[in-house]
Amino acid sequence: MTNRETLGARPTGRFIFLLNPGYYAMTFSMAMETLNVANRMAGQTIFETVVCAEGGVPVQDSLGARFPIDHGLEEVSRNDTVVIVCGDAPREAVTPAILQWIRKAARQGCEITGLSTGVWLMAEAGLMDGLPATLHWEHRTSFAEEFPEVELSEYTYVCSNKRYSTAGGTSVIDLMLHLISEKASPELGSLVADQLMYTNIRVLQHSAKVQVAERIGMRHPKLSEILALMETNLEEPLRPGDLAKTVNISTRQLERLFRRYLSATPKKYYMDMRLQRAQHLLLQTNMSVTEVSVACGFNAASHFSRLFRQRYGMSPHKLRAEPAKS
């Protein structure tokens, strides 16, 4: 049995979790449970956890539950690690009180962590300028448009200058294991990973970028390459002939691949990708409809609005005005 001294079983400071309305329940649970397992393996509480929310009032998570809150936005100390947990709408979690609290924690020397979309609040507070960051792929484009001064990384998690961020999903466990290994010992980190049946601890160099082909389960090499080209060229769409030429097939072969595997023409599928990106930008950024139109490769806002209405049953302006219903 590994003794506590070998595991580095000593108090290492607090993890202060800031929960925001609609936060991802899975993200929060994975982070808390990883620390809980570390304490159990060490035989004592080496990682203290505190849960807070603005006003000290429990907030509803993505599953509709409310986790008990220890306190509101109270004082933090230099040895604390602030962990920001958000959900699908990080912009809505931004309040003057929260931004002030995050900035004060940073000035005091705290480590600041954003899980999944939590880094949005860090960037909004001005803590990520010139630093690398990562977040869930669904919000990457919106984040890049909103915070061009932040270096967007494709890694599962990023650590730089006491600033941490994750790409969501199981990358939360990756980061927590990294912090456990760093704050306590690598031996404890490995033991916790074994307990979680998570024996292959991913390192920083693991890419978090999930190509569209992977998300839809597409494994055809040529088609996967074409979909990747489409996804990276939404602002200036490529013509079907250019797509086909890039991957060394004919335009007719390109059309056959799309009909067989995606039941759509290349033009229609490309258009759907651009309109979906527009939907994300409308819901997740403050960009005007005209700016969104240009960012998604439409030369005229009127043309964009007409196509968007056909696809989603409402105009871009109405979608932004009624996000809950949409």
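Arginine 14 is partly exposed, at a relative accessible area of 22%; on this scale buried means under 20%, exposed over 50% and partly exposed in between, with a 1.4 Å probe and protein chains only. Its partner is aspartate 80, and their side chains meet in a salt bridge with an N to O distance of 2.7 Å. The term salt bridge stands here for a side-chain nitrogen of Lys or Arg within 4 Å of a carboxyl oxygen of Asp or Glu. This pair ties together distant parts of the chain, 66 residues apart: arginine 14 sits in strand 1 (residues 14–19), and aspartate 80 in the loop between strand 2 (48–52) and strand 3 (81–85). Aspartate 80, unlike its partner, is buried, with a relative accessible area of 2%.

A word on the model before going on. It is a predicted one, in which local features need pLDDT of at least 70 and side-chain atom pairs count only at pLDDT 80 or more, while totals for chains, interfaces and linings use all residues. Residues are numbered from 1 along each chain as its sequence is written, and side-chain values use heavy atoms, with hydrogens and water left out. As for helices (H or I, at least four residues) and strands (E, at least two), they are DSSP runs numbered from the N terminus.

How many salt bridges are there by this rule? The count is six. Another one joins glutamate 75 to lysine 104, with 2.9 Å between the closest N and O atoms. Here too distant parts of the chain are linked, 29 residues apart: glutamate 75 belongs to the loop between strand 2 and strand 3, lysine 104 to helix 3 (residues 96–107). Glutamate 75 is exposed at 54%, and lysine 104 is partly exposed at 34%.

Now to helix 12 (residues 266–284), where lysine 268 and aspartate 272 are four residues apart and so separated by about one helical turn. Their salt bridge has its closest N and O atoms 3.1 Å apart. Lysine 268 is partly exposed at 48%, as is aspartate 272 at 21%. Add Arg311, and Lys268, Asp272 and Arg311 make up a network of salt bridges.

Arg311 also turns up where helix 12 packs against helix 14 (residues 301–312). Their axes, lines fitted to C-alpha atoms over the stretch in contact, are 11 Å apart and at about 95°, on a scale from 0 to 180 degrees between N-to-C directions. That makes the two helices roughly perpendicular, the class for 65 to 115 degrees; under 35 is roughly parallel, over 145 roughly antiparallel and the rest oblique. In contact terms (heavy atoms within 4.5 Å), helix 12 brings residues including Asp272, Leu275 and Leu282 to meet, among others, Phe304, Leu307 and Arg311 of helix 14. By class, this contact has eight nonpolar, two polar and two charged residues, where Ala, Val, Leu, Ile, Met, Phe, Trp, Tyr, Cys and Pro count as nonpolar, Asp, Glu, Lys and Arg as charged, and the others, Gly among them, as polar.

Helix 12 has another partner in helix 9 (residues 221–231): the axes come within 10 Å and cross at roughly 45°, so these two helices are oblique. Among the residues making the contact are Leu227 and Met230 of helix 9, and Tyr269, Tyr270 and Met273 of helix 12. The residues of this contact divide into seven nonpolar, no polar and two charged.

Finally, look at serine 142 in helix 5 (residues 140–146), which is buried at 1% relative accessibility. Beyond its neighbours within four places in sequence, serine 142 is in contact with Trp120, His280, Leu281, Gln284 and Thr285.
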